[in-house]
2 protein chains.
Amino acid sequence: MKTPRPTSFDVAERAGVSQSTVSRALRNSPGVNAETRARVAAAARELGYVVDRHASSLRLKSSETLALVTVCRPGEDRSAINPFYFALLGSIAAATSARGFNLLVSFQESAANFRADFVASGLADAMIVIGTTSNRAAWDYFAAAQATGLGFVCWGSPGDPFHWMRSDNGTGGGLAADHLVASGRRRIAFVGPQRSPQRQFDERREGFTAALAAHGIPPILVEPPAAADRHAQGVAAAHALLAAHPDVDAIFAASDMLALGVLQGLKEAGRRVPQDIALIGFDGIRAGNMADPALTTIEPDLDAAGEALVAMALEDDDFTHSGTRIPVRLAVRGTA
Amino acid sequence: MKTPRPTSFDVAERAGVSQSTVSRALRNSPGVNAETRARVAAAARELGYVVDRHASSLRLKSSETLALVTVCRPGEDRSAINPFYFALLGSIAAATSARGFNLLVSFQESAANFRADFVASGLADAMIVIGTTSNRAAWDYFAAAQATGLGFVCWGSPGDPFHWMRSDNGTGGGLAADHLVASGRRRIAFVGPQRSPQRQFDERREGFTAALAAHGIPPILVEPPAAADRHAQGVAAAHALLAAHPDVDAIFAASDMLALGVLQGLKEAGRRVPQDIALIGFDGIRAGNMADPALTTIEPDLDAAGEALVAMALEDDDFTHSGTRIPVRLAVRGTA
DNA sequence: CTGAAAGCGCTTACAG
DNA sequence: CTGAAAGCGCTTACAG
């Protein structure tokens, strides 16, 4: 596994040129004779030579690498991470790779593995932080890191001091409300955190209630009971809602995981979806599409989200795009 | 964003020692006076100094980084990647981080972004390749890369020349068969690729049919029709199976995504699950748990898989653990 | 226990 | 267009 790797000096010797010429030829610097360049390329190929990225990065003071931190729930199994974040990770990876950059990922959940030194150590040129906003300790840690001068970009809305980007939540909430009202629903509930530090849930609720108000409908607001994860919270919330408002005929859940839990709760209670109760989620996760019926949802443009996050992290030194909204659309499927 | 970072010389000056002493103190080298060490640590903290990983890696010839490549289906949206691979990615990340290593991830799908030079460039110390075995071009590329001397570890069974690790598929197939027979099923089908290069599907089928044979039951074998993804293949396979064998009373699908598609197809055809037809999948993806009814499945121990893959990639220079089987268990939920 | 110095493998200003 | 040389920021053998 450990044959000493060839260096640019080995390539130089084989090509019969100096080491500096090898470097120039391989970096496509201007002013290298075409024939020389070809000879160097051939020698490099024959030797299986690849530029040492550490030496190169050290010299250039840039690593062409982006660090992506995903904040997890403490104790959460890695395979249980909200699939929305995995999907966002995928779109960030695509945007990173399109720029020829590498992506360093890190899942963090507690003081035992909090780390924000990717940029400080030169490992990465910029950092993006995504993941659950429910992990207070993690966000306090990153707030402290930011206070020391480290700039990074967040998805969601963990708090005011951060540079962030998030879905156009208000518009999404409005789309959900309009769709439910247009399909004849009148006793409409919002299931989602009301007193959370997570601004995006407030925005979804506010956009939703504002649109309902325009139709003269006051929403039923349901705070999901505490539970192991969003799905379990949704199940419990459905039962609580039905107990307090048996005549509810539509529900907008603040996230798909919550909505999938609500769907299960409604079925357990013998309610038919969408005949008895219509249901709309938020996020567009794939599992929603495989639910029965398939979950109608507000779907952010994930490709746009990944692209915008990476662009802001890598190219927008002053974070002038902080606060940008990612467009959402209503994806009508089976539940509403 | 670009204040010049402090170096070990800056720390040395502040602590009133030489640069070499700073390096030793910070690396916890033996033979550094405790008081000196403390002074250096304090100076580093005050300056916000972090060791430059490129300089360090260049000197040490080791990057403490693992590269993880996920092979995708060409044209596939990043958010549509089989969630099993995201879950595996998560468990690999956990095992990597437990060793204090960094994880570099790369999603690859076509010649436009094939890359295997993470180790050759010094960026990573080892490489793991996971993802769909259906992308022939990708695996040909990695086979060629391996032929040039690059060693890496794969999940699944893309082909014989690779060092691999995979689920105990045969045992899993047997568990599925025994469970179906024990619950009284007799007209039992296997839905999964029969003529694929993907050994793990063969193994699941073989373990399944062998166990069925012990009960004197011949299986109905169904090759899923070509479709956009496994889920769509499952839907189509269910319809094809019902057309050919209307009296089928149990199905074992080669993967959860396939099973979820089968479940949808069965519902479309008006069959009740599990009353009319029992269904078992393979993989233990989270979406299966949220299906209605929740999908009974064969679940590999993902934590063990991540740990074993990372250990083999990082610590097993001769790949002596190639061929290791990850244990699986039957997770009985709603569909069987 | 500590310091001066070499060297890891590059990139590029400088000189020709 | 090409080469000799400096220097990126570390780690560690060598000397004291």
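A polar contact is a pair of N or O atoms within 3.5 Å. Contacts of that kind link protein to DNA in this predicted model. One example is Tyr49(A), where an N or O atom of the side chain is 2.7 Å from a phosphate oxygen of DNA strand C.

## Polar contacts with the DNA

The table lists side chains with a polar atom close to an oxygen of the DNA.

| Side chain | DNA atom | Distance |
|---|---|---|
| Tyr49(A) | phosphate oxygen, DNA strand C | 2.7 Å |
| Lys61(B) | phosphate oxygen, DNA strand C | 2.6 Å |
| Arg24(B) | base oxygen, DNA strand C | 2.3 Å |
| Arg24(A) | base oxygen, DNA strand D | 2.4 Å |
| Arg59(B) | base oxygen, DNA strand D | 2.6 Å |
| Ser8(B) | phosphate oxygen, DNA strand D | 2.6 Å |

## Around DNA strand C

DNA strand C has 27 residues around it. The nearest are Gln19(A), Ser23(A), Arg24(A), Arg24(B) and Thr36(B). Of the atoms of DNA strand C that come within 4 Å of the protein, 58% belong to sugar and phosphate.

Arg24(B) reaches a base: a polar atom of its side chain lies 2.3 Å from a base oxygen of DNA strand C. Lys61(B) instead has a side-chain N or O atom 2.6 Å from a phosphate oxygen of DNA strand C. Two or more residues of the surface near this strand come from each of helix H2 (19-26) and H4 of chain A, and from each of helix H2 (19-26) and helix H4 (53-60) of chain B. H4(A) gives the most, with five residues. By class, the surface near DNA strand C holds eight nonpolar, twelve polar and seven charged residues.

## Around DNA strand D

DNA strand D is surrounded by 27 residues. Closest are Arg24(A), Thr36(A), Arg59(A), Gln19(B) and Ser23(B). Sugar and phosphate make up 57% of the atoms of DNA strand D that come within 4 Å of the protein.

Bases of DNA strand D are met by two arginines: Arg24(A) has a polar side-chain atom 2.4 Å from a base oxygen, and Arg59(B) has a side-chain N or O atom 2.6 Å from a base oxygen. Ser8(B) points a polar side-chain atom at a phosphate oxygen, 2.6 Å away. H2 and H4 of chain A, along with H2 and H4 of chain B, each supply at least two residues of the surface near DNA strand D. The largest share is that of H4(B), with five residues. The classes here are eight nonpolar, twelve polar and seven charged residues.

## Where the two chains meet

Chain A puts 57 residues into its contact with chain B, and chain B puts in 57 residues. Together the chains bury about 4600 Å², with 62% of it on carbon and sulfur atoms. Across the interface there are 15 residue pairs in polar contact, counting residues at pLDDT 80 or more.

On the side of chain A that touches chain B, two or more residues come from each of helix H4 (53-60), helix H5 (83-98), strand E2 (102-108), helix H10 (256-268), helix H11 (286-289) and helix H12 (302-315). H5(A) gives the most, with nine residues. This side of chain A has 28 nonpolar, 14 polar and 15 charged residues.

Four salt bridges span the two chains. Asp229(A) and Arg286(B) form a salt bridge through their side chains, at 3.1 Å from N to O.

## A sheet across both chains

Strands of both chains build an open sheet of twelve strands with mixed pairing. Its order is E11(A)-E5(A)-E4(A)-E3(A)-E1(A)-E2(A)-E2(B)-E1(B)-E3(B)-E4(B)-E5(B)-E11(B). Strand E11 (324-326) of chain A and strand E11 (325-326) of chain B stand at the edges with a single partner strand each, so one side of each has no neighbour in the sheet.

E2(A) pairs with strand E2 (residues 102-108) of chain B in the antiparallel sense, over three bridges. There, Leu103(A) stands opposite Val105(B). Within chain A, strand E1 (residues 65-71) and E2(A) run parallel and are joined by seven bridges. Leu103(A) is opposite Leu66(A) in that pairing.

## Backbone details

Val273(A) and Pro274(A) are joined by a cis peptide bond, with omega about 10°. Pro274(A) sits in the loop between H10 and strand E9 (278-282) of chain A. In chain B, the bond from Val273(B) to Pro274(B) is cis, with omega near 10°. Pro274(B) lies in the loop between helix H10 (256-268) and strand E9 (278-282) of chain B.

Phe319(A) is a residue other than glycine with a positive phi, near 55°. Phe319(A) belongs to the loop between H12 and E11 of chain A.

Technical notes: Residues numbered from 1 in each chain as written. Chains lettered and ligands numbered in written order. Predicted model: local features only at pLDDT ≥ 70, side-chain atom pairs only at ≥ 80, totals over all residues. Heavy atoms only, no water. Contact = heavy atoms within 4.5 Å. Buried area = accessible area lost by both parts, 1.4 Å probe. Polar contact = N/O pair within 3.5 Å; in protein donor to acceptor, adjacent residues only side chain to side chain. Helix = DSSP H or I, 4+ residues; strand = E, 2+ residues; numbered from the N terminus. Nonpolar A, V, L, I, M, F, W, Y, C, P; charged D, E, K, R; others polar. Pairing = 2+ DSSP bridges. Near = heavy atom within 4 Å.
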